[in-house]
Structures are given as structure tokens and as C-alpha cells.
Amino acid sequence: MHIVVCIKQVPETRDVAMDPDKGVLRRSEAAGKLNPFDLYAVEAAVGIKEKLTGRVTAITMGPPQAEQVIRESFLMGTDEGVLLSDPAFAGADTLATAFTLARGISLLDRPDLIICGIQTTDGDTGQVGPGIAEFLGLPHASYVRSIREITREGLLVEQDLGDRIAIVSLPYPCLITVGKGIGQPRLPSFRRLLATKDFPVVTWGSKELGFGDEVYFGLDGSPTQVERIFPPKIEREQIIFEDGDLARQLYQKLVELKFVG
Ligand code: FAD
């Protein structure tokens, strides 16, 4: 069984500078940590590996220091690490990120299962997992709150759709995105620190991914373009209703301000 887990390095604090020209975060200047939701993805991957036997490959796209999150995942039980890193990948939106990760995954031994976190704490879109599945043509379930059954043929999962729970059966190969319901992520162990200190992390850039003149990656391959960054203008107005039907007056004001239809 080959499981791939996608993990992202996110800024440790919210205090990260923006590049005003490109409209993207200056990630290389910020201290990073493993996206908290990806701890659950790693936990799920390692738990399934222990049950069915196999191996787990952790993959990330980011600047060179993102290797740190791969090493962190080794301490929890992943076996191999791939870092997709190239200045040309910078500024990617979710489409370009999913495209690049899908290309990297397609160069690995065919995975049976790909696991992502449900969202990140910086971009927070929750789009990358389903995007990878679409690029690879795989069935997928996002917002998985628990895995009911794990067999050699596939998974039975509970998907939290907000107003209802869906029970979904997925044959391998497939992709799921997971969150807190998966259970407490294991702690890194000192034994694993010693055992994994020489584990290599493979780094692939745009050349290794076989990108030629295509512009589906990085800022140039991202349809999301930030035009301007500015603090929101907060306007305050004090309105006093004194006589008559106050509720009606308030309602009319809200209609006028387009707060209600
Ligand atoms: P999500 O889709 O929330 O991540 C879900 C899961 O996908 C993660 O848990 C992880 O398992 C996997 N994953 C995500 N990124 C990586 C990675 N680099 N390497 C490995 N696994 C990964 N982009 C847009 O397209 N539209 C926007 O509106 C938008 N707004 C943004 C706002 C802010 C404040 C910031 C900082 C970024 C924004 N971006 C946006 C860019 C977006 O963050 C990046 O494209 C990012 O690389 C992926 O999106 P995400 O963080 O939302 O990931």
C-alpha cells in the first residue's frame, strides 16, 4: 500500500509581511510550522499504513525551508519525502498549487491513497485536495470526519457536509481530506528522530517535473491575481430612532443599506 500525504508549511504567526507588488505573502521571511490540519492527515496516513502495511510518502510544495515539515512528518512515521521547490512555483494560487502537486505525485510510484488536510491556516480555501484529485482523475471525498472502514480495496468514510453527514465508499486509488475527527495526532518520538536523521528528502523543481513552456504553475499560472492590498475603510454612522414604530424604521433603514432584501 502506497499512501501519499500532502503537507504544507504555514507561517507560525499571523504577523507576515505581504509583497505589495505581487499581492502574495513573503513566506521565506516568516518562521514556519506544519499546517495543524496536516497533522491529522499524517496521523491518518501512518495509522492506515500500520493497519495494512506499506509506506507513506510526504510531499510539499514550498521554499527550501519547507523541508522542515517533511522532517517533522518523518518523526510521526512517514517514510519518504519529496519537496517541490523552485522560484518559479512562488505565488501559486490553489489551481497552480494543485496542478504542481498533482504533477509531482504522478511521478511517484502510483499511490493507492492520497490524504490532505481539510484546509490550511493561511490560505484556508480547502480547494487544493479536491484540485489534486481532479487533475489526477481520482475519486475523492473532502471534509472526512472519520474513517469507518479500511480494507485492501478501499475506504468507507463519513463526510461532514455541514448540514448533513454523507457515508461514502471510495475504491483505491482515491483522495480524502481530513480534519480533527481523525483522532489525536501522535507525538514525534526521539526514537524516530534517531532513526530518520539520514532519511533523504528529494527536491524537484520545474525541470524535474517536466514543465516546459506551460504556464500552469507559480504566479504566472495562477488565475487569482491580487490587484491591490489595502486596509478596509470602516465607516460609522449613528442613527437614532425616537418616535413611532421603531422596528419598522429600523427595518426600512436596513433595506435602504441593503442589509436585508
Ligand atoms: P488549502 O486548499 O486550504 O489546503 C488544503 C490541503 O491541501 C492542506 O491541508 C494540504 O494537505 C494541501 N496543501 C495545500 N497547499 C499545499 C502545499 N503547498 N504543499 C503541499 N500540500 C498542500 N489562492 C486562491 O486561489 N484564491 C484565494 O482566494 C486565495 N486567497 C489567499 C489568501 C491568503 C491570506 C493567502 C495567504 C493565500 C491565498 N491564496 C489564495 C493562495 C493559497 O494559499 C495558495 O495557493 C496555497 O498554496 C494553497 O491554498 P490554501 O493554503 O488555501 O490550501
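Start by selecting methionine 61: it stands opposite leucine 84, a residue of strand β7. Keep in mind as you click around that this is a predicted model.

**Stop 1: two strands side by side**

Now widen your selection to strand β6, residues 55-61, and its partner β7. The two strands run parallel, and five bridges join them. Next, colour β7 by itself, which covers residues 80-84. How many of its five residues are buried? Four of them are, so that strand β7 is mostly covered.

**Stop 2: the whole chain**

Zoom out until you can see everything. The protein chain holds six helices and 13 strands. Its C-alpha atoms fill a box of roughly 75 × 45 × 40 Å along the principal axes. Of the chain's 261 residues, 41% count as buried. Turn on the surface, and you are looking at about 14900 Å² of exposed area, with 52% of it supplied by carbon and sulfur atoms.

Try colouring by charge as well. You should find 28 positive and 36 negative side chains. How far apart do the centres of these two sets lie? They are 4 Å apart.

One more thing to notice before zooming back in: among contacts with a separation of 6 or more, 70% are between residues 24 or more positions apart in the chain.

**Stop 3: a residue with company**

Select asparagine 35, which sits in the loop between β5 (32-34) and α1 (36-52). Is asparagine 35 buried or exposed? At 0% relative accessibility, asparagine 35 counts as buried. Show what surrounds this residue, leaving out anything up to four places away in sequence, and you will find that asparagine 35 touches Lys8, Val10, Gln119, Thr120 and Thr121.

**Stop 4: two cysteines**

A disulfide is a covalent bond between the sulfur atoms of two cysteines. How many disulfides does a search of the whole structure find? The search finds zero. To look at one pair, select cysteine 6 and cysteine 116: for cysteine 6, the nearest cysteine sulfur is that of cysteine 116, at 3.8 Å. The cut-off for a disulfide is 2.5 Å, so the pair does not count as one. Seen from the other side, cysteine 116 has the sulfur of cysteine 6 as its nearest cysteine sulfur, and cysteine 116 is in no disulfide either. Cysteine 6 counts as buried, with 7% relative accessibility, and cysteine 116 also counts as buried, at 5%.

**Stop 5: a cis peptide bond**

Move on to tyrosine 172 and proline 173. What kind of peptide bond joins tyrosine 172 and proline 173? The bond is cis, with omega at about -5°. Proline 173 is part of the loop between β11 (165-171) and β12 (174-178).

**Stop 6: two positive phi angles**

Finish with two residues whose backbone angle phi deserves a look. Tyrosine 143 is in strand β9, residues 140-150. Its phi is near 55°, a positive value in a residue other than glycine. Tyrosine 143 is partly exposed, with a relative accessible area of 35%.

Then jump to lysine 258, in the segment after α6 (246-256). Lysine 258 is not a glycine, yet it has a positive phi of about 65°. Is lysine 258 buried or exposed? Lysine 258 is exposed, with a relative accessible area of 73%.

Terms used:
Residues are numbered from 1 along each chain as its sequence is written. This is a predicted model: local features need pLDDT of at least 70, side-chain atom pairs count only at pLDDT 80 or more; totals for chains, interfaces and linings use all residues. Side-chain values use heavy atoms; hydrogens and water are left out. Helices (H or I, at least four residues) and strands (E, at least two) are DSSP runs, numbered from the N terminus. Buried means under 20% relative accessible area, exposed over 50%, partly exposed in between (1.4 Å probe, protein chains only). Contact means heavy atoms within 4.5 Å. Accessible areas come from the Shrake-Rupley method with a 1.4 Å probe; for residues, only the protein chains shown count as cover. Lys and Arg count as positive and Asp and Glu as negative; His and the chain ends are not counted. The place of a charge is taken as NZ of Lys, CZ of Arg, CG of Asp or CD of Glu. Two strands pair if DSSP finds at least two bridges between them.
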